[in-house]
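Let's go through a few labels and ask what earns each one.

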Amino acid sequence: MPAHTHDDVDWAGRLSSLRRLDVLERDRLDSVAARLVAELPAQPTVVDVGSGAGGMSAALAGELGRRGGGTVILVDAVDELLSAAEKAARETGGSTVAVETIVADLGTVELSDLLPPSDLIWASAVVHHLPDQQLAVRRLARALAPGGLLAVAEGGLDTRCLPWDVGVGEPGLEQRLAAAHEAWFRQLRATMQGAVRMPYGWTEALGKAGLTGVGSFSYLVDHPAPTTPAVREFVLERWTWLAEIAEERLGNGDRDAVRRLLDPESPEYLGARDDLFLLNARTVHHGRRS
């Protein structure tokens with residue numbers, strides 16, 4: 001059985017896809033880590049909440065190692081993801097970086113009870129999966145040391161991987177699949193136990209949590225066609241997952257087109273195409289505790 005999360009997604013089953021995305025984002029994550037760590041004190045305590053497969057865990061640990069060391073604490077509700085992130089962080093951090101792990105659910109626990117006061121807390125694509133997003137942001141903010149920085153990576157631009165017309169079914173298939181995924185997520189939040197709407201943006205949420213100097217920046221992940229093996233495998237895994245969760249929300253023609261695109265025996269198989277790409281943007285919202 002998958003580990004319980006509020007969205008009931010089998011995140012352990014998505015580990016390989018998360019790892020593939022980490023590889024494709026590696027340079028950008030290194031750049032973001034360097035930007036966030038630049039003004040931290042010596043030997044800082046840095047926390048990665050919802051560490052996933054460990055892409056940012058590794059980037060943060062590597063940056064601390066280059067600065068002379070510190071502590072990286074990884075927090076996740078899924079044991080398999082936490083183990084992967086710990087391995088990634090230890091490989092890049094070196095002997096001067098201590099790596100610790102905590103199995104915890106930000107949706108149910110007070111993080112400040114589990115952590116030392118932290119100089120930087122990074123939370124990427126995790127808060128929107130929790131019932132009360134504003135409460136989660138407040139819990140993250142309360143775990144900061146005075147002057148500590150919270151960085152919440154949420155939103156941006158949807159991932160795009162395929163040409164508008166793939167030659168199967170009607171043009172615009174990827175956009176319709178994205179719309180079906182959006183409908184799935186709306187229903188997920190509507191039926192999530194204890195869900196609370198947050199009818200404002202992330203910078204306002206940080207301000208409501210008492211943080212100052214609130215701002216945002218975005219980073220772009222761009223792997224253009226012609227495709228590479230890493231992009232091709234990521235696209236195949238992503239489309240397989242999207243097809244599973246969105247199938248009931250697609251018309252018959254789109255379901256047939258997706259089936260043909262994911263069938264290795266089909267002449268339209270995505271894995272045989274050279275025009276796949278990866279383009280997306282993630283926005284990082286940040287603020288400091290007074």
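Helices and strands here are DSSP runs, with at least four residues for a helix and at least two for a strand, numbered from the N terminus. Keep in mind that this is a predicted model.

Q: Where is Gln43 found, and what is unusual about its phi?
A: Gln43 sits in the loop between helix H1 (15-37) and strand E1 (45-49). Its phi is near 55°, a positive value in a residue other than glycine. Most residues other than glycine have a negative phi.

Q: Why does Ala125 count as partly exposed?
A: Its relative accessibility is 28%. Buried would need under 20% and exposed over 50%, so a value in between is partly exposed. Ala125 lies in the loop between strand E4 (118-124) and helix H4 (133-142), and has a positive phi of about 55° although it is not a glycine.

Q: What makes H2 roughly parallel to H3?
A: H2 (residues 55-66) and H3 (residues 79-93) pack at an angle of about 25°, with axes 7 Å apart. Angles under 35 degrees count as roughly parallel, so that label fits H2 and H3. The crossing of H2 past H3 is right-handed.

Q: Which residues of H2 and H3 meet?
A: From H2 come Ser57, Ala58, Ala61, Gly62 and Gly65, and from H3 come Ala85, Ala88, Ala89, Thr92 and Gly93. That contact divides into five nonpolar, five polar and no charged residues; Gly counts among the polar ones.

Q: What makes the bond from Ala225 to Pro226 cis?
A: Its omega is near 0°. Most peptide bonds are trans. Pro226 lies in the loop between strand E6 (212-223) and helix H7 (229-246).

Key:
Residues numbered from 1 in each chain as written. Predicted model: local features only at pLDDT ≥ 70, side-chain atom pairs only at ≥ 80, totals over all residues. Heavy atoms only, no water. Axes fitted to C-alpha atoms, helices over the stretch in contact; angles between N-to-C directions. Parallel < 35°, antiparallel > 145°, perpendicular 65-115°, else oblique. Left-handed = near helix turned anticlockwise from the far one by under 90°. Contact = heavy atoms within 4.5 Å. Buried < 20%, exposed > 50% of the residue type's maximum accessible area, 1.4 Å probe, protein only.
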